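The following questions and answers ask what lies behind the terms used for a structural model. Each answer sets a value against the criterion for the term.

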Amino acid sequence: MKMIINIASKEIKSFFVTPMGWIILALITAAFGTYYLEGVNSYFEVMSGAIRPAERVGVTIYVGQTVYGAAFFLMLFAVPLMSMRLISEERRQQTLPFLFTAPVSIVEIVLGKFFGLFAFLALMVVYIFLMLSTLNIWADIDFGYLFSNTFGLLLLVGSFAAIGIYFSSLTSQPIIAAILSFIFAFLLLGLESYFASQPNHWFHHVSLLKHFQTFSRGVISSKDIIYFLLFISTFIVLTIRRLDADRLRG
Amino acid sequence: MATTLKALGLTRLFGPNKAVNNVSFDLSKGEVLGFLGPNGAGKSTTMRMLTGNLAPTEGQVEICGINIIEEPKLAKANIGYLPEMRPLYKEFRVNEFLRIAAKLHNIPAKKINSSIDIAMEKCGLTHMSNRLIENLSNGYQQRVGIAQAIIHNPEIVILDEPTVGLDPIQIREIRKLIKEIGKEHSVILSTHILPEVEIVCDRVQIIDKGNLVFHGSIDDLKQQRRGNKLLVGFKKTPTLKKLQSLFDIVKIEKQEDLLHVIQFKNLDFDMEKFIQVCVKEKLGLFQVSPHITSLEDTFVQLTNK
């Protein structure tokens, strides 16, 4: 456990000693800020206009939808950019022996790297939560809705991170890792749209977005939590196996 | 002396190629073992197996009596390793990087600062502590590589070609450093620079095409070089038969400028008697010296068998 934290803290440090971490953080902050502002600005316009009273929604849901609706899409770009270097850069710079020679197991290395990235992403998710909470200054907002969205988004970025670390372990070119994990995450995210006419097709059950949508409606369902946790652990196990193959195959 | 490292029948296949074939040796405390071999002989592969970076196809590695395959964590705690491509996170400062290394090697929090200071002092890095590794010269980067290998005070330090690509002054300094490390730790050093072995190592091991072809102390290697040969200059060249009637000679090889290499049967031949007889026989003796095969020649002989 201590080693996982040590490796995670090394990853977090290395995000911030290079411009990468700061740039991503700045871009994401600017983007979410814009969506938030947009949501707040248009709320009264939309709600006071032609819309029928029955269709009117609260400010939390309206602004929340604007921000969280954009969140999964922005994260789809941001996560591969952060995850691409995790292992492929170590391959490229040939620094993996440093980790393999230390008294640390491969499981700890992979989990450490995963949680390092996850902690960085969680920072952004928590930041969105805090930003939306500021609505509470002049309105009585629905914190349950925010919690459920935050929780769902954490699971979703966790899944992206797991995909990212796996593709990063396959190659020594960070940019290839980024492109592959983006494509893969993109396909999985919208899997159900390929069979939109058949609502019971199995594609619907593995689509990431489908499971995220439950959370974005404000529902925390154990079925979806289990799906995300299984998804994340699958890719982590694949990554561990890939690194172990390095030692075995050379 | 206590054995710190034991390799038993190490074999590694890459597909059908045998990179390392049945290599066994051991290492005692306070010993510097030189690992010699031409490029592609299997030095680095062996080292990767010793440090748990590569699983051997067959064979065992014991680090301080602990099997590295069965209990990798316990065994690895006793190893410091510097691969040929030094594994440095170049975006960090020297002290930041060493702090990461110290933490990964389970050094207790209270001792981290002091062990970083000691490692930097040993490697002459104290004044570079705040520099980005990226901006350091080749020689200093190599020192950081060595510092990360000794920071946890391991029993065994394994260095893969530590002096490659350095300038002569840096090489001299790194060698001095290795000798110093060798006093407290067991060191395995791989190289293809031959004089380096004589300067730094206590024991030598030559590997070729995956097989151990020589294994012995540095004196054994010198013995192999000096041997039972004399370089003799005769103005009147005697025939082999004539010489053989006078001494126990196996071979005579003609060289340039009336010089001859004479190989005696025994190592303890009597030089004084040889000269007396030559003078008596009026062979026109004008030069006698021990014939030292260069280390390169010995190496070529051993690896061409």
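**Contact, sheet and burial**

Q: How many residues does the contact take from chain A and from chain B in this predicted model?
A: The contact takes 18 residues from chain A and 23 residues from chain B. Residues count as being in contact if their C-beta atoms lie within 7 Å. On the side of chain A that touches chain B, α1 (2-17), α5 (96-101) and α11 (222-249) of chain A each supply at least two residues. That side divides into eight nonpolar, eight polar and two charged residues.

Q: What makes β3(B) and β8(B) paired strands?
A: Pairing requires at least two bridges between two strands. Five bridges join β3(B) to β8(B), so the criterion is met. The two strands run parallel, and Phe35(B) has Ser190(B) as its bridge partner in β8(B).

Q: How do you know that β3(B) also pairs with β9(B)?
A: Four bridges join β3(B) to β9(B), and at least two are needed, so these strands pair as well. They run parallel; Leu33(B) stands opposite Arg203(B) in β9(B). In the open sheet of six strands, the order is β6-β7-β8-β3-β9-β10 (chain B), with mixed pairing.

Q: Why do β6 (79-82) and β10 (211-217) of chain B stand at the edges?
A: Each has a single partner strand, so one side of each is left without a neighbour in the sheet. For β6(B), four bridges join it to the parallel strand β7 (residues 156-160) of chain B. Within this pair, Gly80(B) has Val157(B) as its bridge partner.

Q: What makes β3(B) mostly covered?
A: A residue is buried if 20 or more other C-beta atoms lie within 10 Å of its own. In β3(B), five of its five residues are buried. Val32(B), Gly34(B) and Leu36(B) point one way, Leu33(B) and Phe35(B) the other way, and all are buried.

Q: Why is helix α10 (residues 271-280) of chain B called hardly covered?
A: The count of buried residues among the ten residues of α10(B) is one, so the helix is described as hardly covered. Just after α10(B), Lys282(B) takes a positive phi of about 55°.

Q: What in the model can be set beside the UniProt feature "transmembrane region" at residues 12-37 of chain A?
A: The feature comes from an unreviewed UniProt entry. Over residues 12-37 of chain A, the chain is 96% helix and 0% strand, with end C-alpha atoms 30 Å apart. Residues 175-196 of chain A, also listed by UniProt, are 68% helix and 0% strand, and their end C-alpha atoms lie 32 Å apart.

Methods:
Residues numbered from 1 in each chain as written. Chains lettered and ligands numbered in written order. Predicted model: local features only at pLDDT ≥ 70, side-chain atom pairs only at ≥ 80, totals over all residues. UniProt positions renumbered as here; feature names shortened; annotations may be inferred. Contact = placed C-beta atoms within 7 Å. Nonpolar A, V, L, I, M, F, W, Y, C, P; charged D, E, K, R; others polar. Buried ≥ 20, exposed ≤ 12 C-beta atoms within 10 Å, placed from the backbone.
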